[in-house]
Amino acid sequence: GLTDGFWFLLQVTVCAAAVALALCAAGIGATPAARGAGCRKHVRRVTEYGAVGDGRTLNTKAFVRAVADLGRRAGDGGAALVVPAGRWLTGPFNLTSHFTLFLHRGAEILASQDLDDWPLIAPLPSYGRGRDEPGPRYSNFIGGSNLTDVIISGYNGTINGQGQVWWDKFHAKQLDYTRGYLLELLYSRDIIISNVTFVDAPSWNLHPTYCTNVTISGVTILAPVHSPNTDGIDPDSSSHVKIEDCYIVSGDDCIAVKSGWDEYGIRFNMPSQHIVVRRLTCISPTSAMIALGSEMSGGIQDVRVEDNIAINTESAVRIKSGVGRGGFVRDVFVRRLSLHTMKWVFWMTGNYGQHPDNSSDPKALPEVTGINYRDVFAENVTMAGRMEGIPNDPYTGICMSNVTAQLAPKAKKLQWNCTDVQGVAYGVSPEPCPELGAEGKPCTFPEEELVIGPPELPKCTY
């Protein structure tokens with residue numbers, strides 16, 4: 001069960017965030033100088049390009065025309081496309097550099113449910129094929145490649161993937177190609193996504209890939225908890241990514257850090273690194289609050305997780321890998337987690353067997369080491385730890401300190417199941433398995449903060 005104190009804390013946090021968002025939307029609390037920081041010189045409304053916000057008119061040409069026109073102006077002080085209140089149906093479209101997509105309160109961009117509106121695009125080079133099916137994949141709803149200085153923000157408007165048609169076809173095995181993602185930016189830098197709600201993605205929601213310097217702040221992501229593969233935020237072969245103050249309800253991992261799939265990820269060789277996740281609230285009954293992998297063949301390192309809440313979520317910070325993956329997961333630092341109704345507090349697995357094709361190298365074994373968990377409180381827990389490395393390739397350097405897992409009424413009698421792992425523990429309850437039983441000391445967390453994104457988010461009114 002959830003304690004009264006926890007609910008009070010959660011309500012206070014939500015109320016404070018709502019007040020702050022309302023003040024920001026009104027421009028209150030921002031100095032004139034701050035209000036102008038990062039704001040664009042050229043501002044147009046999507047209605048100026050012929051868009052109709054009735055929820056029925058297809059506006060793909062209007063959005064494409066708007067981005068193209070503003071892209072020609074963006075080099076001169078930047079450009080913003082404003083989406084006013086209304087329901088704006090459109091097929092996929094791409095963004096441009098030095099550009100802001102700004103959604104007013106009551107604005108909802110609706111993804112077309114006609115699959116013919118979604119062109120096919122090439123698979124990612126670090127995956128070699130589509131994630132669901134071989135070959136190409138459907139376009140992402142909002143995309144862009146080789147961009148600089150992109151902002152998606154507003155007064156908490158909504159980007160709605162209308163994913164039910166995709167989920168139904170996926171379950172019925174009626175799709176020949178991989179579903180597109182709600183937002184995917186490739187080879188881009190200096191990205192800000194803030195104060196926007198994303199709902200019902202066809203598959204993954206936010207997928208920054210081969211990107212650097214990405215800030216995702218104050219974002220809400222919602223999908224039915226049994227919708228297939230609706231990951232919240234998936235940094236993929238990306239560096240210097242900050243995810244903070246987000247609320248995610250998902251049918252898959254709330255956050256999944258990735259870096260390519262088997263031999264394609266090994267060859268592409270672009271790790272995900274220097275990633276911060278803090279003040280996240282996650283609900284995902286069948287998946288993890290934060291997953292590292294399973295596609296991690298380019299490597300994952302320097303991941304810092306702190307001050308996060310998970311409610312009715314299968315596991316907390318989970319490591320997923322397997323034979324044939326190669327790559328590494330190392331230098332992971334986790335502290336101050338508040339977990340409420342969990343199947344497993346700690347879960348590592350080395351038996352992810354999905355491969356892109358038959359050429360995966362069985363000798364490509366992942367290196368998993370330097371995983372630190374401290375100051376973790378969990379209640380209503382079925383099992384404290386399921387820790388499964390790989391035979392002849394153990395997961396090493398695991399540290400746990402100041403951990404309390406309060407058991408559910410129907411908790412497993414065996415609280416730790418450990419194979420092919422090595423580590424130390426300090427102040428862990430219930431007492432961990434012998435493989436993690438060596439007496440340790442408080443686990444480390446880097447003292448120097450990573451500098452990612454601007455000192456503060458732009459406070460622009462359009």
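**View 1. Leu 81 and its bridge partner Leu 101 in strand S6 of the predicted model.** Leu 81 has Leu 101 as its bridge partner in S6, and Leu 101 in turn has Ile 152 as its bridge partner in S11. Strand S3 (residues 79–83) pairs with S6 in the parallel sense over 5 bridges, and 5 bridges, again parallel, join S6 to strand S11 (residues 148–154); two strands pair if DSSP finds at least two bridges between them. Strands (E, at least two residues) are DSSP runs, numbered from the N terminus. This is a predicted model, in which local features need pLDDT of at least 70 and side-chain atom pairs count only at pLDDT 80 or more, while totals for chains, interfaces and linings use all residues. Residues are numbered from 1 along each chain as its sequence is written, and side-chain values use heavy atoms, with hydrogens and water left out.

**View 2. The two covered faces of strand S6.** Because 5 of the 5 residues of strand S6 (residues 99–103) are buried, the strand is largely enclosed by the rest of the structure. Phe 99, Leu 101 and Leu 103 lie on one side, with Thr 100 and Phe 102 on the other, and all are buried (under 20% relative accessible area, with a 1.4 Å probe and protein chains only).

**View 3. An open sheet of 4 strands.** The strands follow the order S5-S10-S13-S16, and their pairing is parallel. Strand S5 (93–94) and strand S16 (206–209) are the edge strands, each pairing on one side only. S5 is joined to strand S10 (residues 142–145) by 2 bridges, the two strands running parallel, and Asn 94 has Gly 143 as its bridge partner in S10.

**View 4. The surroundings of Glu 306 in strand S25.** Glu 306, found in strand S25 (residues 300–313), is buried, with a relative accessible area of 11%. Its side chain makes a polar contact with the side chain of Arg 335 (2.9 Å), a polar contact being a pair of N or O atoms within 3.5 Å, of which, within protein, one must be able to donate a hydrogen and the other to accept it, and residues adjacent in sequence count only if both atoms are side-chain atoms. Leaving aside neighbours within four places in sequence, Glu 306 is in contact with Val 277, Arg 278, Arg 279, Arg 335, Arg 336 and Phe 445 (heavy atoms within 4.5 Å).

Technical notes:
Buried means under 20% relative accessible area, exposed over 50%, partly exposed in between (1.4 Å probe, protein chains only).
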